[in-house]
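Work through the exercises below with the model open. Try each task before reading its solution.

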Amino acid sequence: MAKSARQAQIEKAALYPLDWTEERTGLVGYTKWFLFRHVPRDVNWMQTLGAATLTAFLVQAITGVFLAMYYKPDPNSAYESIQNISNEVTLGWLVRGMHKWGASLFIILMFLHMARTFLFGAYKYPRELNWVIGVLLLVAGMAEGFTGYLLPWDQTAYWATVVGININATAPFAGPFIAQFLQGGAQIGPDTLAKFYSLHMLVIPGGIMAMIGLHMYLVLRLGVTSPPWSKTAAGRPRPDAEPTGDRTGLTREPSSEETS
Ligand code: HEM
């Protein structure tokens with residue numbers, strides 16, 4: 001059915017902002033490419049664990065921003081400010097609970113996602129670098145947990161941090177320096193709290209975001225791996241392909257250059 005002049009006018013007006021953006025940024029084209037790119041047809045629910053980890057991180061980042069609005073990183077007021085968040089601030093108990101339990105969920109999801117990539121052999125060529133970035137993300141995630149644990153400034157937080165710093169101090173050669181750096185002085189005190197707060201809410205999350213950006217870039221560039229039991233995985237003949245009789249797994253005859 002032919003469009004009326006009015007319909008055509010409405011369509012043009014609706015598409016104008018998209019055309020405007022596309023002409024200046026190319027973003028519409030990138031978004032289309034991202035949404036309609038090919039993935040193996042037999043991808044599996046286990047391949048959603050990376051996205052679940054990403055969601056858990058975003059929940060931590062958003063709830064963390066709200067907690068930072070009320071938290072006071074000073075030994076005289078840190079504990080009270082946390083009590084205030086839990087008991088007085090509207091929905092503070094919920095935001096704090098999400099951040100606290102979400103931290104464990106984030107680490108568990110990271111391990112499950114890592115186990116998936118390991119068991120699917122997704123760490124092999126050409127994805128070695130993404131595995132290495134993943135390992136750095138795991139270390140940074142655990143450092144987030146360690147630095148965040150001190151912030152409530154109660155007995156559990158204090159003594160857990162003493163134990164953590166003492167363990168670091170036993171490392172060969174660098175141990176005492178690491179302990180000194182983490183404590184920000186000869187013993188745990190106000191400087192330790194300020195340092196842990198800065199690491200926890202600025203330095204480490206900044207690093208994690210940058211590394212997630214790289215991780216995602218490589219996922220998009222390299223594509224996702226098929227499950228190990230896949231019949232259409234790279235290098236295996238497609239079930240509907242004519243057999244070539246050779247043992248290379250290629251579905252086509254090798255060219256003369258490849259055989260010479
Ligand atoms: C903040 C933590 C992390 C986030 C947000 C994240 C996110 C993702 C996402 C969304 C994908 C694509 C979908 C999928 O395969 O699930 C992916 C793929 C991948 N991740 Fe992670 N990841 C994280 C940590 C890790 C860790 C700890 C490792 C391993 C040490 C790792 C190694 C990989 C590898 C090798 C791939 C490619 C998988 C494939 O091509 O099949 N990632 N990641």
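**Exercise 1.** Find which atoms of Q47, H215 and T225 pair with the ligand in this predicted model.

Solution. Start with Q47. A backbone N or O atom of Q47 sits 3.0 Å from a ligand oxygen atom. Go on to T225. A polar side-chain atom of T225 is 2.3 Å from an oxygen atom of the ligand. Finish with H215. Here a polar side-chain atom is 2.8 Å from a nitrogen atom of the ligand. Q47, H215 and T225 are among the residues that come nearest to the ligand, as are H113 and R116.

**Exercise 2.** Describe the shell around the ligand by residue class and by helix.

Solution. Take the classes first. The shell holds 13 nonpolar, nine polar and two charged residues. Now take the helices. Helix 3 (49-68), helix 5 (92-119), helix 6 (128-150) and helix 9 (190-222) each give at least two residues to the shell. Helix 5 supplies the largest share, six residues.

**Exercise 3.** Work out the arrangement of donors around the iron atom of the ligand.

Solution. Identify the protein donors. They are NE2 of H113 and NE2 of H215, 2.0 to 2.1 Å from the iron atom. Place them in the fold. H113 belongs to helix 5 and H215 to helix 9, so the pair ties together parts 102 residues apart in sequence. Check their burial. H113 and H215 are both buried. Now read the angles. Six donor atoms surround the iron atom, with angles of 85 to 180°. Compare the ideal: six octahedral donors have angles of 90 or 180 degrees. The arrangement is octahedral because of the angles that the six donor atoms subtend.

Terms used:
Residues numbered from 1 in each chain as written. Predicted model: local features only at pLDDT ≥ 70, side-chain atom pairs only at ≥ 80, totals over all residues. Heavy atoms only, no water. Near = heavy atom within 4 Å. Polar contact = N/O pair within 3.5 Å; in protein donor to acceptor, adjacent residues only side chain to side chain. Helix = DSSP H or I, 4+ residues; strand = E, 2+ residues; numbered from the N terminus. Nonpolar A, V, L, I, M, F, W, Y, C, P; charged D, E, K, R; others polar. Donors = N, O, S within 2.8 Å, 3.2 Å for Na, K, Ca; no water. Tetrahedral: all angles 85-135°; square planar, octahedral: opposite > 155°, others 65-115°. Buried < 20%, exposed > 50% of the residue type's maximum accessible area, 1.4 Å probe, protein only.
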